[in-house]
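Trainee: I am new to this structure. Can we go through it step by step?

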Amino acid sequence: MHGSTVRGLLVRGMLAGLIAGLFAFAVAYVVGEPPVDGSIAVEEAQAAPEAHAGHGAAAAEEEEEAVSRPVQSTVGLATGVLVYGVALGGIAALAFSFALGRVGRFSPRATAALTAGAAFTLVYLVPFLKYPATPPAVGNPDTIGRRTTLFFLMILLSVLLGIAAVIIGRRLAPRLGNWNATLAASAGFIAVTAVAFVFLPANDDAVKAGFPAALLWEFRLASVAIQAVLWAVFGIVFGVLAQRLVAPRPATAGTSAEQAVPAVG
Amino acid sequence: MAEAVVSAAASTPSLSAPAPLPVRAVLPWALFVGLLALIALYFVGAEQGATSVFAGATVHEWVHDGRHLLGFPCH
């Protein structure tokens with residue numbers, strides 16, 4: 001029975017992720033594509049005089065041939081954002097399944113909102129602060145391996161630190177009270193993350209000198225907006241669906257066996 | 001176990017927090033779907049960038065805009 005509850009949550013998480021992905025795609029198409037096109041225009045302008053540089057015009061032309069820009073900016077963009085939404089919706093539903101009833105006295109809906117907020121912060125925002133999104137044509141292709149490794153390591157570190165902060169906060173709650181325990185755990189998370197930011201290698205080769213700052217700002221703001229919309233919509237939609245599935249109904253003595261699910265382990 | 005479950009539910013007012021789902025019920029789903037989801041994220045976020053499962057650049061080019069805008073290092 002618990003298994004079917006988890007399965008039901010998973011299906012709803014992926015559905016909510018799909019819906020959130022549709023909203024995120026709309027934002028990405030409207031506010032994300034203009035700076036992407038602008039960056040590609042900058043690349044082509046820079047590559048024209050130095051076509052012999054290797055990675056410039058020749059590579060750009062190959063890219064144009066493989067998948068055309070109109071496809072990349074519509075179907076391609078939708079594929080990426082929707083797969084991302086569904087996959088992370090499923091993972092968030094699993095995180096919700098672990099968190100439900102374990103992070104405090106929160107309803108399923110509130111737990112869903114907290115899960116979405118934590119996912120946005122840990123999977124996107126914290127890694128973004130150290131290794132922010134970069135528009136096309138900005139990075140040095142020779143460092144892609146190193147930048148990819150650092151980025152995924154940063155996500156892993158951020159998620160692990162976040163989980164540790166939640167566990168420590170729960171341990172501190174009986175002594176400090178919920179409010180102060182939450183503040184203490186959050187402060188600990190920020191302090192350890194700040195130390196990690198200082199000691200992890202910088203990523204300054206990701207943006208070439210001379211790239212227009214306004215365009216970079218516009219692109220990064222769009223990236224934050226896409227993720228914020230994705231997780232806000234996910235939190236709201238999944239909250240409604242999860243609330244319907246697992247909300248405790250008013251207990252009537254003797255008939256509540258089917259909805260009673262205390263942890264044995 | 002069923003009796004203990006019923007009595008535990010009856011003794012606590014169910015309007016507060018919902019009871020946790022047992023870890024052993026969540027874990028198999030977490031491993032199975034978690035793995036599938038991570039593979040899907042790999043193809044959106046990193047395939048044909050730093051590492052390649054398939055030769056060429058079609059996957060990379062197809063999800064190119066999404067990869068950039070979602071925050072992954074692309075090229």
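Trainee: Which domains does the domain assignment give for chain A?

Mentor: This is a predicted model. Two domains are assigned in chain A, and one is written in three pieces. They are domain 1 (1–49 + 68–124 + 211–247) and domain 2 (140–206).

Trainee: How many residues does each of these domains give to the contact?

Mentor: Start with the spacing: the C-alpha centres of domain 1 and domain 2 of chain A lie 20 Å apart. The domains do touch, and both sides contribute. The contact takes seven residues from domain 2 of chain A, and from domain 1 of chain A it takes five residues.

Trainee: What classes of residue are on the side of domain 1 of chain A that touches domain 2 of chain A?

Mentor: Sort that side of domain 1 of chain A into nonpolar, polar and charged. The count is four nonpolar, one polar and no charged residues.

Trainee: Where does the largest nonpolar core lie relative to the two domains of chain A?

Mentor: The core has 83 residues. Those touching the most other members are A:Val81, A:Ala92, A:Phe96, A:Ala119 and A:Phe234. Domain 1 (1–49 + 68–124 + 211–247) and domain 2 (140–206) of chain A both give residues to this core, so the core lies between them.

Trainee: Which element gives the largest share of this core?

Mentor: Several elements give two or more residues, among them helix H1 (2–47) and helix H3 (69–99) of chain A. Chain B joins in with helix H2 (23–45) and helix H3 (58–62). The largest share is 16 residues, and it comes from H3(A).

Trainee: Which residues does A:Ala92 touch, not counting residues up to four places away in sequence?

Mentor: A:Ala92 is one of the core residues that touch the most other members. Leave out its neighbours up to four places away in sequence. What remains is A:Gly13, A:Thr115, A:Ala116, A:Ala119 and A:Phe234.

Trainee: Is A:Val42 buried or exposed?

Mentor: A:Val42 lies in helix H1 of chain A. Count the other C-beta atoms within 10 Å: there are 20. The cut-off for buried is 20 or more. So A:Val42 is buried.

Trainee: What separates the C-alpha atoms of A:Val42 and A:Val138?

Mentor: A:Val42 touches A:Ala137, A:Phe211, A:Pro212 and A:Leu215, leaving aside residues up to four places away in sequence. A:Val138 is 96 residues from A:Val42 along the chain. Their C-alpha atoms are separated by 9.2 Å.

Trainee: How much of residues 77–100 of chain A is helix?

Mentor: An unreviewed UniProt entry lists residues 77–100 of chain A among its "transmembrane region" spans. The end C-alpha atoms of this span lie 33 Å apart. Strand makes up 0%, and helix makes up 96%.

Trainee: What is the pattern of chain B along the sequence?

Mentor: Chain B has four helices and zero strands. UniProt, in an unreviewed entry, lists residues 26–44 of chain B as "transmembrane region". That stretch is 100% helix, with end C-alpha atoms 26 Å apart. Along the sequence, chain B reads α-α-α-α.

Trainee: Where in chain B does pLDDT stay under 50?

Mentor: Chain B has a mean pLDDT of 81, and 79% of its residues reach 70 or more. One stretch falls under 50, though the model has 19 contacts for it beyond four places in sequence. That stretch is residues 1–14.

Trainee: What ipTM does the predictor give the complex?

Mentor: Two scores are given for the complex. The pTM is 0.85. The ipTM is 0.84.

Methods:
Residues numbered from 1 in each chain as written. Chains lettered and ligands numbered in written order. Predicted model: local features only at pLDDT ≥ 70, side-chain atom pairs only at ≥ 80, totals over all residues. Domains from an automatic or database assignment. Contact = placed C-beta atoms within 7 Å. Nonpolar A, V, L, I, M, F, W, Y, C, P; charged D, E, K, R; others polar. UniProt positions renumbered as here; feature names shortened; annotations may be inferred. Core = buried A, V, L, I, M, F, W, Y, C linked by C-beta atoms within 7 Å. Buried ≥ 20, exposed ≤ 12 C-beta atoms within 10 Å, placed from the backbone. pLDDT = per-residue confidence, 0-100.
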